Amino acid sequence: MIAIEEMNKLSKKNLDLVTVISGEDLGQYSQLKETFLKQIAFSSEDLSYSYFDMSETEYADIEMDLLSLPFFEEQKIIILDLFYDLTTDKRHFLGESELKRFEAYLEKPLESNRVVIFAPGKLDGKRRIVKLLKRDASLYEANPLKDGELKQYFQKVIKDKGMIFEDDAFEKLLVKSNFQFNDISKNILFLESFVGQKRISHSDIDEAVPKNLHDNLFDLSQFIVNGKVDEANQLVSDLRLQNEDDIKLISIMTGQFRLYLQVQILKNKGKTQQQMVSELSEYFGRKVNPYQIKYALRDSNNLSISFLKSAIIHLIKIDFDIKKGVYEKQYLFDITMLKIATLAKNEKVY
């Protein structure tokens, strides 16, 4: 069970003496934090809560609250937000002596107080205070989830919302969201608002979910290989107006064409989709998502290996030329897109 599901069991009454909410997946962390505050019915106007922003508060003020007994109820909840000192982040708000005083409190916390620590980022496991918290506190970490965990969690979310997806439309949503927790959450809300509870199709996702950079770069590569140069130029112009850098565009396009080439080579060797996932995972040193392979096979179906190799060479060369300062990068980018479009025409891709 992931952290956000565990948190649904929490309430103000069953809080431990010390609770830590942290994590590297900041999108998931934000939801953890929001869910936690909702579960304990936090209100800034309720005097049984004390809230401190670590970036703005003197530790002496926090310590006074930690060591004082509650006035209005039997239990007081003290929230310490943005506690970066516990993470690998470079931002620090407490001195070493102040951290040692807080550490001393954690060794013997007051039974009447409940301390909640929000620490966005990765906990610094080398620090003694973090080891102490991991030993004694309730810890909820928003760590990056495996694809299977993401899918399982959001399948529960859409089921609770009464949303139904046609065929493999749900998998399309995951891919379109780049398997990012926060993006999936936002895109489900877009779909819920746009579609409601009717069956959600592939076209619904295309219409309701905003395009991200990878979507736009996919469109760009499709325009180029299909000889739609005017549409490609317009899209590049739009991306530049959005302050997207040409080098970044080249990097993503190179990654797209490289994956297309890899799956086509494996396809020619008679490999199944499952075997492709296994071999590419071993090659990259990380688990490759099966749906990315599925869509890469579909999108590269009419592209020859010779075309893909040549396109990648052009993209690698332009990246080198830009970094070497041969010509102005926008000029080099536009010329390279024309070269790839011409190559596609000569290869009879379209």
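1. Helices here are DSSP runs of H or I covering at least four residues, and they are numbered from the N terminus. On that basis, Val175 of this predicted model belongs to helix H7, which covers residues 169–176.

2. Val175 has a relative accessibility of 21% and therefore counts as partly exposed, given that buried is reserved for values under 20%. Once its neighbours within four places in sequence are set aside, Val175 is in contact with Tyr291 and Tyr295. As for Gln274, which lies 99 residues from Val175 along the chain, the two C-alpha atoms are separated by 17 Å.

3. Turning to the strands, S1 (residues 18–23) and S5 run parallel and are joined by 4 bridges, with Thr19 standing opposite Ser138 of S5. In a regular strand the side chains alternate between the two faces of the sheet. Strand S5, residues 138–141, has Ser138 and Tyr140 on its covered face, while Leu139 and Glu141 make up the uncovered one.

4. For any work on internal space, the structure holds 1 cavity of 30 Å³ or more, and the space in the largest cavity comes to about 80 Å³. Its lining is made of 13 residues, among which Ile224, Val229, Ala232, Asn233 and Met337 lie nearest the centre.

5. At least two residues of that lining come from each of helix H10 (213–225), helix H11 (229–241) and helix H16 (329–346), and H16 gives the most, with 5 residues. By residue class, the lining of the largest cavity divides into 10 nonpolar, 1 polar and 2 charged residues.

How values were computed. Residues are numbered from 1 along each chain as its sequence is written. This is a predicted model: local features need pLDDT of at least 70, side-chain atom pairs count only at pLDDT 80 or more; totals for chains, interfaces and linings use all residues. Side-chain values use heavy atoms; hydrogens and water are left out. On a 1 Å grid over the protein atoms alone, a cavity is a set of points where a 1.4 Å probe fits but cannot get out, and a pocket is an open set with protein on both sides within 12 Å along at least five of seven lines; lining residues have an atom within 4 Å of a point. Grid points are joined across faces, edges and corners, and a volume is the space filled by probe spheres set on the points. Ala, Val, Leu, Ile, Met, Phe, Trp, Tyr, Cys and Pro count as nonpolar, Asp, Glu, Lys and Arg as charged, and the others, Gly among them, as polar. Buried means under 20% relative accessible area, exposed over 50%, partly exposed in between (1.4 Å probe, protein chains only). Two strands pair if DSSP finds at least two bridges between them. Contact means heavy atoms within 4.5 Å.
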